[in-house]
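Dear colleague,

I am passing a structure on to you with this email, and I would be glad if you could look it over alongside the notes that I have written underneath.

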Amino acid sequence: MAKESVKARQRKREAMVAKFAEKRAALKAAGDYSALDQLPKNASPVRLHNRCQLTGRPKGYMRHFGLCRNMFRDLALAGKIPGVTKASW
């Protein structure tokens, strides 16, 4: 389980990326790289990292479900993810 401060930092970055997305796109289209340098560092989408929605775990992230592998396995075995069943042959 990730610390709450790490999760809060990630949410703050996501909000800042959304806030400056339109401005960044306009500056990039105009080729004004000196103005791009003046924007906050956390406004860049490159600084975002995919994290599990439940635990905040950064590794083992499954993009299709938005969960880490551990939470995916627990929820799938409990039958809480529609259409996902344990394989057996």
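The notes below go through the cores, the cysteines, the salt bridge, the largest pocket and two individual residues.

Please bear in mind throughout that this is a predicted model, and that the values given here are computed from it.

I begin with the nonpolar cores. The largest of them has seven residues, namely C52, L67, C68, F72, A76, I81 and V84. Two elements, the strand β2 (67–68) and the helix α3 (69–77), each give two or more residues to this core. Another core, of five residues, lies apart from it, and F20, L27, L36 and L39 are among its members. As a general background, nonpolar side chains in soluble globular proteins tend to be buried together. Within the largest core, L67 may deserve a look of its own, since, when neighbours within four places in sequence are left aside, L67 is in contact with C52, L54, G60, Y61, M62, F72, L75 and I81.

Two members of the largest core are cysteines, C52 and C68, and you may wonder why they are not counted as a disulfide. The sulfur of C52 has its closest cysteine sulfur in C68, at 3.7 Å, which is too far for a bond, because a disulfide is counted here only when the two sulfur atoms are within 2.5 Å. The structure accordingly holds zero disulfides. Both cysteines are nevertheless buried: C52 has a relative accessibility of 4% and therefore counts as buried, and C68, at 1%, counts as buried as well.

Turning to charged groups, the count comes to one salt bridge. It is formed by K7 and E4, whose closest N and O atoms are 3.2 Å apart. Both residues lie in helix α1 (residues 4–30), where they are three residues apart, or about one turn of the helix. The two partners fall into separate accessibility classes, in that K7 is buried, with a relative accessible area of 15%, whereas E4, at 52% relative accessibility, counts as exposed.

K7 appears once more in the lining of the largest pocket, which has a volume of about 210 Å³. The lining is made up of K7, Q10, R11, E14, L48, H49, N50, R51, C52, Q53, G56 and Y61, so that C52 belongs both to this lining and to the largest nonpolar core, by the rules for lining and core residues. The element that gives the most to the lining is α1, with four residues.

Two further residues are worth describing singly. R24 is found in helix α1 and, at 16% relative accessibility, counts as buried. If residues up to four places away in sequence are not counted, R24 touches L36, L39, A43, S44 and P45, of which L36 and L39 are members of the five-residue core. R24 and A35 are 11 residues apart in sequence, with their C-alpha atoms 9.2 Å apart in space.

P40, for its part, lies in the loop between α2 (33–38) and β1 (61–62), and counts as partly exposed at 33% relative accessibility. Not counting residues up to four places away in sequence, P40 touches M16 and F20. The C-alpha atoms of P40 and V17 are separated by 9.5 Å, although the two residues are 23 residues apart along the chain.

With kind regards

Note on methods: Residues are numbered from 1 along each chain as its sequence is written. This is a predicted model: local features need pLDDT of at least 70, side-chain atom pairs count only at pLDDT 80 or more; totals for chains, interfaces and linings use all residues. Side-chain values use heavy atoms; hydrogens and water are left out. Buried means under 20% relative accessible area, exposed over 50%, partly exposed in between (1.4 Å probe, protein chains only). Contact means heavy atoms within 4.5 Å. A nonpolar core is a set of buried Ala, Val, Leu, Ile, Met, Phe, Trp, Tyr and Cys residues joined through side-chain atoms within 4.5 Å. A salt bridge is a side-chain nitrogen of Lys or Arg within 4 Å of a carboxyl oxygen of Asp or Glu. On a 1 Å grid over the protein atoms alone, a cavity is a set of points where a 1.4 Å probe fits but cannot get out, and a pocket is an open set with protein on both sides within 12 Å along at least five of seven lines; lining residues have an atom within 4 Å of a point. Grid points are joined across faces, edges and corners, and a volume is the space filled by probe spheres set on the points.
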